[in-house]
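Please look over the protein and its DNA strands below. This briefing takes the topics in turn, beginning with enclosed space.

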Amino acid sequence: QNLDQLSVKFVARIPVGRLRLGFSDKTILDALSWMQTGDKSLKPLLEKAYQVLPDVGLLAREIKENGVEKACQGIVPVVGIPVLPMLSQRIKSPSEMVEKMGEVDVEPKLDGLRILIHFVRGKFVKAFTRNLNETSHMFPELAKIDKFVNCSSAIFDCEAVGLDEKTKMMANFQTTMTRRRKHDIGETSKKVSIDFFIFDIISKDGKNLMDKNYLERRKVLEETVKKGGPFKLVFHEITKSPERINKLYKKRISEGYEGIMVKKVDSGYVPGRTGWRWVKMKQGEEAQGKLADTIDVVVMGYTQGRGKRASFGVGQFLVGVKDGDKIKTTSKIGTGLTDEEFREIERRLKNLRTKDKPKEYEVRKNYTPDFWVIPSLIVEIAADEITKSPTHTAGLALRFPRLINFRDDKDPSEATTLRELEGLFDLQK
DNA sequence: GCTGATGCGTC
DNA sequence: GTCGGAC
DNA sequence: GTCCGACGACGCATCAGC
């Protein structure tokens with residue numbers, strides 16, 4: 001009752017979990033700099049501290065009390081306290097990579113869980129995800145790390161990937177995810193064991209390695225990790241040739257990897273996503289991804305939209321493939337449209353609305369949209385991969401689906417069929 | 001004690 | 001994870 | 001170029017309802 005109108009709006013959003021302020025931690029860092037100097041000049045200093053101590057509340061208090069310089073001085077990674085991971089950006093072509101990064105190291109991109117391992121001999125091993133959540137309980141394998149590393153303490157960066165019991169191959173993402181659990185870890189870890197593919201080291205024996213360049217860190221890694229256990233070094237190749245990068249990319253894709261990671265050789269470990277130090281290549285113009293083709297699907301219904309989508313009247317829409325007389329769901333589409341395209345699709349869909357679910361639709365309950373539409377609009381959809389789906393009635397779903405185009409030239413009888421989708425699924429293996 | 005719906009966190 | 005928009 | 005918040009599938013955990 002004591003709050004003004006604007007405050008009421010934001011306070012009410014807190015328990016709902018949709019604060020939607022338009023700024024986040026990074027902007028707070030800007031603000032902390034402004035607070036002291038009236039510009040962004042202290043941002044680099046603040047950012048460096050934040051990467052190792054990613055808590056704007058703690059930082060702000062320190063800064064308010066002691067000023068930026070003093071508060072940020074000497075903040076280095078501490079084993080046991082999670083550090084923000086270094087993330088990758090995206091570049092379309094290998095030639096642009098070399099232009100931006102010079103000499104690079106090329107690694108396969110593994111489809112697993114990003115894990116930072118914090119180890120202190122005789123004391124603890126902990127695992128943190130890229131969002132700084134502790135997930136040590138997921139990995140009983142970590143207990144034996146002391147036998148496989150030459151150090152008294154370290155922070156390793158790696159990708160944790162399951163090993164399929166039957167095929168002895170790297171498990172797909174869905175299978176690896178079965179290890180993300182609290183209960184029955186012992187049982188599950190027998191079925192799906194985990195390998196840790198290490199590609200970086202941030203701290204060793206009390207020494208901060210974040211400012212060392214990538215090749216130096218890689219050298220330390222090679223001296224630190226012993227062969228034979230579940231801890232493996234990701235293989236890599238140094239090059240400055242765009243042709244070589246492209247070749248490696250195609251090779252890794254054909255071997256079943258997600259793509260490649262390309263890393264600037266003379267760069268420190270800089271958490272976050274900026275600066276063109278790490279770049280990923282999943283599927284570009286140069287070569288084909290797992291799902292090379294797009295598919296044409298029938299729009300079956302749509303939802304109202306929240307936040308910035310609320311004014312469009314569409315937030316996401318349900319799409320399906322043809323199976324004989326039936327239309328079965330395979331995905332919801334919520335990205336790939338410009339604001340204008342959202343307005344456009346709303347104009348069209350509202351004319352196709354129907355009160356009841358059309359008879360030919362087979363839709364599981366939890367996919368019921370706010371509004372049903374009669375089968376009429378066809379859209380072209382891209383995705384990274386087709387997965388077996390326990391929830392979509394087509395039995396197959398799209399991983400990272402996005403809209404490519406409206407297909408006004410097509411009508412529902414020309415949509416992709418379930419049979420065709422199953423064909424594409426088989427092609428992936 | 002079971003089941004479907006919802007929440008949370010990974011990609 | 002993907003994507004588009006604001007700056 | 002960077003930052004932000006719309007939205008995706010899916011596996012496990014938890015909870016409401018029976």
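The largest cavity has a volume of about 30 Å³. One cavity of 30 Å³ or more is counted in this predicted model. The points below cover that cavity, the domains, the two DNA strands and the aromatic pairs.

**Cavity**

- Which residues line the largest cavity? Met86, Leu87 and Gln89 belong to the lining, together with Val270, Gly272, Arg273, Thr274, Trp276, Arg277 and Trp278.
- By class, five of the lining residues are nonpolar, three are polar and two are charged.
- Rolling a probe the size of a water molecule over the atoms shows where empty space is left.

**Domains**

- The domain assignment splits chain A into domain 1 (5-73), domain 2 (89-281) and domain 3 (295-427).
- The centres of domain 2 and domain 3, taken over C-alpha atoms, are 36 Å apart.

**DNA strand D**

- How many residues surround DNA strand D? There are 40, and Arg20, Ser24, Thr27, Gln89 and Lys182 come nearest.
- Gln89 thus appears both around DNA strand D and in the lining of the largest cavity.
- Sugar or phosphate accounts for 93% of the strand D atoms within 4 Å of the protein, and bases for the rest.
- The surface near DNA strand D has eight nonpolar, 19 polar and 13 charged residues.
- At least two residues of this surface come from each of α2 (25-37), α7 (173-177), β14 (326-333), β19 (385-388) and β20 (396-399).
- Lys182 uses its backbone: a polar atom there is 2.5 Å from a phosphate oxygen of DNA strand D.
- Thr387 uses its side chain, with an N or O atom 2.9 Å from a phosphate oxygen of DNA strand D.
- Lys308 reaches a base: an N or O atom of its side chain is 3.3 Å from a base nitrogen of DNA strand D.

**DNA strand C**

- DNA strand C is surrounded by 13 residues, and the closest are Arg90, Arg130, Thr335, Asp339 and Arg402.
- Of the strand C atoms within 4 Å of the protein, 91% belong to sugar or phosphate. The rest belong to bases.
- Eight charged, three polar and two nonpolar residues make up the surface near DNA strand C.
- Which part of Asp339 lies 3.0 Å from a phosphate oxygen of DNA strand C? A backbone N or O atom of Asp339 does.
- In Lys109, a polar side-chain atom lies 3.0 Å from a phosphate oxygen of DNA strand C.
- Thr335 places a side-chain N or O atom 3.0 Å from a sugar or linking oxygen of DNA strand C.

**Aromatic pairs**

- The structure holds nine aromatic pairs.
- Why does the pair of Phe148 and Phe231 count as tilted? The ring planes are at 45 degrees, so the pair is tilted; the ring centres are 6.2 Å apart.
- Phe148 lies in the loop between β4 (124-128) and β5 (153-164), and Phe231 in strand β8 (residues 231-233), so the pair ties together parts that are 83 residues apart in sequence.

How values were computed:
Residues are numbered from 1 along each chain as its sequence is written. Chains are lettered from A and ligands numbered from 1 in the order in which they are written. This is a predicted model: local features need pLDDT of at least 70, side-chain atom pairs count only at pLDDT 80 or more; totals for chains, interfaces and linings use all residues. Side-chain values use heavy atoms; hydrogens and water are left out. Domain bounds come from an automatic or database domain assignment. A residue is near a molecule or strand if one of its heavy atoms lies within 4 Å of it. A polar contact is a pair of N or O atoms within 3.5 Å; within protein, one must be able to donate a hydrogen and the other to accept it, and residues adjacent in sequence count only if both atoms are side-chain atoms. Ala, Val, Leu, Ile, Met, Phe, Trp, Tyr, Cys and Pro count as nonpolar, Asp, Glu, Lys and Arg as charged, and the others, Gly among them, as polar. On a 1 Å grid over the protein atoms alone, a cavity is a set of points where a 1.4 Å probe fits but cannot get out, and a pocket is an open set with protein on both sides within 12 Å along at least five of seven lines; lining residues have an atom within 4 Å of a point. Grid points are joined across faces, edges and corners, and a volume is the space filled by probe spheres set on the points. Helices (H or I, at least four residues) and strands (E, at least two) are DSSP runs, numbered from the N terminus. Rings of Phe, Tyr and Trp (its six-membered ring) pair if their centres lie within 6.5 Å; planes under 30 degrees apart count as stacked, over 60 as edge-to-face and the rest as tilted.
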